[in-house]
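Work through the exercises below with the structure open. Try each task before reading its solution.

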Amino acid sequence: MTAKIAYDEVEVGTELPAQAFPVTRATLVQYAGASGDFNPIHWNEKFAVEVGLPDVIAHGMFTMAEAIRVVTDWTGDPAAVVEYGVRFTKPVVVPNDGTGAVIEVSAKVAAKLDDGLVRVDLTATSEGRKVLGMSRAVVRLA
Amino acid sequence: MALDQSFVGRTYPPTAPYEVGREKIREFAEAIGDANPAYTDPEAAKELGHPDVVAPPTFVFAITFKASAQVIEDPQLGLDYSRVVHGDQKFVYTRPVRAGDRLSVTSTIEEIKSLAGNDVLDIRGEVHDETGEHVVTAFTKLVSRAPEEA
């Protein structure tokens, strides 16, 4: 494990570079295939509306996968992530308009732990609404 | 109807091994748009100290969720899956999943709660490799929404 960020370089409040991740219907179809999650709420608008959703929504696990990229891009080595958890609070609604939605993710160091570990708190929003809650990672730095 | 509390602590048999392929990892990394070379280039992964390409942190969910079908579809438990939404998800890693792994999942029901008529089910999936070493534990909270009153 070789994170490119050193524990001594960061302090509580250090911000990780924020990122925005676009998501379209095509993204969701591709993610469904790669993940094996073919729930029609992620690709079939008629079905989604029938079960009470405003439109097709992104897989929660897709949003979770995008959010942690802010951490893995920061550390370089994905193995730096030793713990990662989220709560799915609001769906990411993905309209069939060619542009879709955007998931905006910011993150900062919330605590310095022992053994070169830090806790990073993530914030993920779409259309100004928080889509993940309690989104935290424990990360091993160099 | 509230789920039977006596299922708390129940552990299901380990799943047949899932063999993690390099190209499956590549497919997943492409689907999430992540160009980190540790996911696709064995040499880049080796430079980071890994024996082969590693998988993105959430990749393993496809394996643990499939395993949790044993719980979700247990007719004795009687969960109404058509009403289930994914509440929380957490992973605790010993090491990243990597190509060549043969992973087996052991699912345990950690907790059953009833909140405002919703059934809340916590499933822990322990993932081990073919040598029996721990790789990652997945904690999955499922919420089965109460049916609307007729």
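Four exercises follow, each with a worked solution; the model is a predicted one.

**Exercise 1. Survey chain B**

Task: Find how many helices and strands chain B has, and in what order its elements run.

Solution:
- Step 1. Count the elements. Chain B has four helices and five strands.
- Step 2. Walk from the N terminus. The order is β-α-α-α-α-β-β-β-β.
- Step 3. Take the extent. Along the principal axes, the C-alpha atoms of chain B fill a box of roughly 60 × 30 × 20 Å.
- Step 4. Check burial. Of the 150 residues in chain B, 39% are buried.
- Step 5. Look at the contacts in chain B with a separation of 6 or more. Residues 24 or more positions apart account for 69% of them.

**Exercise 2. Describe where the chains touch**

Task: State how many residues each chain gives to the contact, and which element of chain B gives the most.

Solution:
- Step 1. Count both sides. Chain A gives 28 residues and chain B gives 27 residues.
- Step 2. List the elements on the side of chain B. Helix H1 (22-31), helix H3 (61-67) and strand E2 (84-93) of chain B each give two or more residues.
- Step 3. Pick the top contributor. E2(B) gives the most, with eight residues.
- Step 4. Sort the residues on this side of chain B by kind. They divide into 14 nonpolar, eight polar and five charged.
- Step 5. Follow E2(B) across to chain A. Five bridges join E2(B) to strand E2 (residues 81-88) of chain A, and the two run antiparallel.
- Step 6. Find one pair. Glu83(A) has Val92(B) as its bridge partner in E2(B).

**Exercise 3. Place one residue**

Task: Decide whether Ser106(A) is buried, partly exposed or exposed, and find what it touches.

Solution:
- Step 1. Locate the residue. Ser106(A) sits in strand E3 (residues 101-112) of chain A.
- Step 2. Count its surroundings. Ser106(A) has 17 other C-beta atoms within 10 Å.
- Step 3. Apply the cut-offs. Buried needs 20 or more, and exposed needs 12 or fewer. Ser106(A) is therefore partly exposed.
- Step 4. Leave out residues up to four places away in sequence. Ser106(A) then touches Ala18(A) and Thr123(A).
- Step 5. Compare sequence with space. Ala67(A) is 39 residues from Ser106(A) along the chain, and their C-alpha atoms are separated by 8.3 Å.

**Exercise 4. Read a record**

Task: Say which residues of chain A UniProt lists for "domain: MaoC-like".

Solution:
- Step 1. Take the range. The unreviewed UniProt entry lists residues 14-121 of chain A.
- Step 2. Describe the span. Residues 14-121 of chain A are 30% helix and 31% strand.
- Step 3. Join the ends. The end C-alpha atoms of this span lie 11 Å apart.

How values were computed
Residues numbered from 1 in each chain as written. Chains lettered and ligands numbered in written order. Predicted model: local features only at pLDDT ≥ 70, side-chain atom pairs only at ≥ 80, totals over all residues. Contact = placed C-beta atoms within 7 Å. Nonpolar A, V, L, I, M, F, W, Y, C, P; charged D, E, K, R; others polar. Pairing = 2+ DSSP bridges. UniProt positions renumbered as here; feature names shortened; annotations may be inferred.
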